[in-house]
Amino acid sequence: MRKSTGILIATIAFLFTLQAIAQTPARQGNPSAIPRMPGGKPNLNGLWQAMTTAYWDLENHSAQAGAVLELGAIGAIPAGTGVVEGGAIPYKPEALAKKKENFANRLKLDPEVKCYLPGVPRATYMPYPLQIVQSQNDVLIAYTYDSAARTVLVAKHREAELDTWMGTSNGKWEGDTFVVDVTGFNGRAWLDRAGNFATDSLHVVERYSMLDANTLNYEATIEDPAVFTRPWKISFPLYRHREKGARLFELKCVEFVEDLVYRDVDKKPTH
Amino acid sequence: MQATYCTAICVISLAALASPVKGQSRQAIPPSESNFFIGTPAGWLTPKTPWGDPDLQGIWPLNNVGITPLQRCFSRQRYPGAAPDKIAACDPHREFMSEEEFKTIKENASKMPDRFADAAREGEAGRAFVTGIVDAMTPQRQTSLIFDPPDGKLPDMTPEGKRLAAEMKSTWPLPGENLIFDSHHDFDLWDRCITRGMPVSMFPFRYNNGIQIVQSPGQVVIFLEMIHDARIVPLNDNTPISPEIKQYMGISRGHWEGNTLVVETTNFKPGASETNTAVIASPAGNRFPTSDQMKITEKFTRINDQFLIYEIKTEDLVVLTHSWTARFPLKLEPDYKLLEYSCQEDNRVVPDWISVSRAERSGKTGAGSVAPRR
Amino acid sequence: MGRINGLAAAAAGILISMAPLLAHHAFTAEFDTKKPIKLRGTVAKVEMVNPHCWIYIDVKNDDGSTTQWMLEAGSPNVLVRRGFTKTSLPKGTEVIFEGFQAKDGMNRANGRDITFPDGKKLFIGSTGTEGPPEETKK
């Protein structure tokens, strides 16, 4: 009698265990482990950084020499998997020609060289930390490079009244995903160091969703009918900085490029 | 020895607002010098964020005090044509105007022709564009932004401060100075679109005075419109940071003292001027140095739905013989549109001014064609 | 009125003298206020950028050639907050500019006013696609 009770109990326990396994979400990460704000929204606050080579080139690329001989291996470009879904950016033929021209003249033309504002989405995958400051309403994103920053308006959306480098950002929540609609670009920023670009008809929609407490999934849909044949998407994770006391520092790079930018204007040293 | 710049009433009033009230209704705090004549209604409690911190969020543009002089009884004797009788009449220890005087100031200000406001109101684009527009400014009853030293004046510089000042450059001349521009080093950090630095970024300018405070659990950000600076203030984070790491906006840490946000900033990279002539009654020339020993302590206390009292104390043993502290009210402007202020991207000051300076010195002017961009 | 407070005098003086001190640098150092100029041209482009907007106008010279001038304007942030945009000065608008030329002799200027050639003020909506009000039609 005891033996069959034992088997019964074991069977019931086994069945409960199976049920518990079935109920655990099978997707990557555990949503119940995501930190949440009071009110229930995912808490995106923190210091984050991408670990891709997208800042060099959004598309798949081999290792190659850099553009400045004297930098040697320090300026060399490492190989990397592209972050573009589908592989290639869908350029219109004339726009692709312009991209190649950009690349050929990148030292002169890349706004990053001159410490100009990076634009969106480029700011997200630059090789430096970014900080998300999420209140109960608006979300401010501050970037290391050039002290770039933008406020994503949540409570009260606003249309772009001025064409800018970083665009005008309006955000909303779709379930656990923070969706940011960015318009009003001045068309002067590049998308990476490979000459990929867009114009002032650029429209970017970003999606931020936490995979787990320390990983933020970033997606951006990029649309510009003047340049691309269709909208296209990039995606990659952002990883949380967990060093003790990790914080965003300044990279006020204007000062570091003045000798370059004012080379033709500054007084030459006298002989 | 602490310089007392607060009357006893001031201490009591702000302390009353600074401490959290536990469940009892609060009496109204009437307008007085201690709260810059901005009262707190009966029963008003500091709003809180959902995570329980006092809520200071919103846009508090600095032009609320845009026509209040930095220094009290600012001497015009440095400049030719100063009228001595007008200076002698000013009492350096009087922190606030009388009600009558303030009424006169407000009336005069409202009668002052504001070409820019008129142009804006009438939609007159031509004049608005070329003459430029400045932010609206509100007369305040305080006689200066500085309350300490008690005479409302900036403290003297140390000999080292004076030595550093003499090495500084700016497009703003000292009286009688004839400036020459030959390289980007002949300009100040603001002309060069690098930074306005501290403490001056927290003082009014002629335009783009927008400041937005955004809070999250454990952080406060003070975002400055010009030149797009997010001052990040982690709360209760005492992780030591090496003095080897220096930044123009320093490194800030914050904590709450009751309902007052206290922000302490150190680790400054010297180079910016501590004062700017855009703030009325500032020293000429933008040659007030800062050192890496500068320490700035700020306090933000909300006193009703619309106003907060802001205090900023600057200490620098290398440059200053004494600390100086400014206090003033800021007003919430929810409809103020904070817009991107890119600067370096289209800054012509350096090449244009060098071009003008060289033309003046050589007597040779350009061929007449538009100067090449960037 | 009683004694004049140094503050009141300073405040009054400053509000008046604020007019030329609109840039974050001194106006008179760059532009020759002793030699005012008057230009007639058409708006080629308006760049709404910081620290200064730039208005480009094509000026027809006596010999039939065209010279492009760049006119320094205020910060776009302030202009936008007051309701002005780049379409407030539409491309192709014929204008008169009164101001001062840069001391280096380049075709760069800053100044007082941009109006229609007949001197009428350039209001928002008085040019461009909305159609000019009757009195400003040439």
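Select B:His228 first: within the hairpin of E4(B) and E5(B), where 4 residues lie between the strands, B:His228 adopts a positive phi near 35°. The model in the viewer is a predicted one, and the tour proceeds outward from this hairpin.

**The hairpin strands**

Extend the selection to both arms of the hairpin. E4(B) and E5(B) run antiparallel and are joined by 6 bridges. To see one of the residue pairs, display B:Phe223, whose bridge partner in E5(B) is B:Ala230.

Remain on E5(B) and colour its residues by burial. This strand is mostly covered, with 6 of its 6 residues buried. Now show the side chains: B:Asp229, B:Arg231 and B:Val233 point one way from E5(B), while B:Ala230, B:Ile232 and B:Pro234 point the other way, and all are buried. The pattern is a general one, since side chains in a regular strand alternate between the two faces of the sheet.

**The four-stranded sheet of chain B**

Next, select the whole sheet to which the hairpin belongs. This open sheet has 4 strands in the order E1-E3-E4-E5 (chain B), and the pairing is antiparallel. Which strands stand at its edges? They are strand E1 (58-59) and strand E5 (229-234) of chain B; each has a single partner strand, so one side of each is left without a neighbour in the sheet.

Move inward to the pair formed by strand E3 (residues 211-216) and strand E4 (residues 219-224) of chain B. These two run antiparallel and are joined by 6 bridges. Display B:Ile213, and B:Ile222 in E4(B) will be found standing opposite. In general, strands of a sheet pair through backbone hydrogen bonds, either parallel or antiparallel.

**The six-stranded sheet of chain B**

Now select the other sheet of this tour. It is an open sheet of 6 strands in the order E2-E10-E9-E8-E7-E6 (chain B), with antiparallel pairing. At its edges are strand E2 (146-148) and strand E6 (251-257) of chain B, each of which pairs on one side only. On average, neighbouring strands of this sheet are turned by 25° against each other, direction ignored.

Centre the view on the E2 edge. E2(B) and strand E10 (residues 324-331) of chain B run antiparallel, joined by 2 bridges. Within this pair, B:Asp148 stands opposite B:Thr325 in E10(B).

**The nonpolar core**

Hide the strands and turn to the interior. The largest nonpolar core has 157 residues, and those with the most contacts inside it are A:Leu140, A:Ala142, B:Phe129 and B:Val221. Select B:Phe129 and display its surroundings in chain C. Which residues of chain C does B:Phe129 touch? They are C:Cys53, C:Ile55, C:Ala73, C:Gly74, C:Leu79, C:Phe84, C:Leu89 and C:Ile114, not counting residues up to four places away in sequence.

**The chains one by one**

Select chain B as a whole. It contains 7 helices and 10 strands. Of its 374 residues, 49% count as buried. Among contacts in chain B between residues at least 6 apart in sequence, 61% join residues at least 24 apart.

Chain A is the next selection, with 4 helices and 9 strands. Followed from the N terminus, its elements run α-β-α-α-β-β-β-β-β-β-β-β-α. Chain A has 271 residues, and buried residues make up 34% of them. Of the contacts in chain A with a separation of 6 or more, 57% are between residues 24 or more positions apart.

Finish with chain C, which has 3 helices and 5 strands. From the N terminus on, the order of elements is α-α-β-β-β-α-β-β. Chain C has 138 residues, of which 43% count as buried. For contacts in chain C with a separation of 6 or more, residues 24 or more positions apart account for 50%.

**Where to read the model with caution**

Finally, colour the model by pLDDT. Chain A averages 92, and 87% of its residues score at least 70. Select residues 20-27 of chain A: the pLDDT stays under 50 there, and the model has 2 contacts beyond four places in sequence for this stretch.

In chain B the mean pLDDT is 87, and 86% of the residues reach 70 or more. Over residues 77-82 of chain B the pLDDT stays under 50, with 6 contacts beyond four places in sequence. The pLDDT is also below 50 over residues 368-374 of chain B, a stretch that has 12 contacts in the model beyond near neighbours in sequence.

Terms used:
Residues are numbered from 1 along each chain as its sequence is written. Chains are lettered from A and ligands numbered from 1 in the order in which they are written. This is a predicted model: local features need pLDDT of at least 70, side-chain atom pairs count only at pLDDT 80 or more; totals for chains, interfaces and linings use all residues. A residue is buried if 20 or more other C-beta atoms lie within 10 Å of its own, exposed if 12 or fewer, and partly exposed in between; C-beta atoms are placed from the backbone. Two residues are in contact if their C-beta atoms, placed from the backbone, lie within 7 Å. Two strands pair if DSSP finds at least two bridges between them. Axes are lines fitted to C-alpha atoms, for helices over the stretch in contact, and angles run from 0 to 180 degrees between N-to-C directions. pLDDT is the predictor's confidence in each residue, from 0 to 100. A nonpolar core is a set of buried Ala, Val, Leu, Ile, Met, Phe, Trp, Tyr and Cys residues joined through C-beta atoms within 7 Å.
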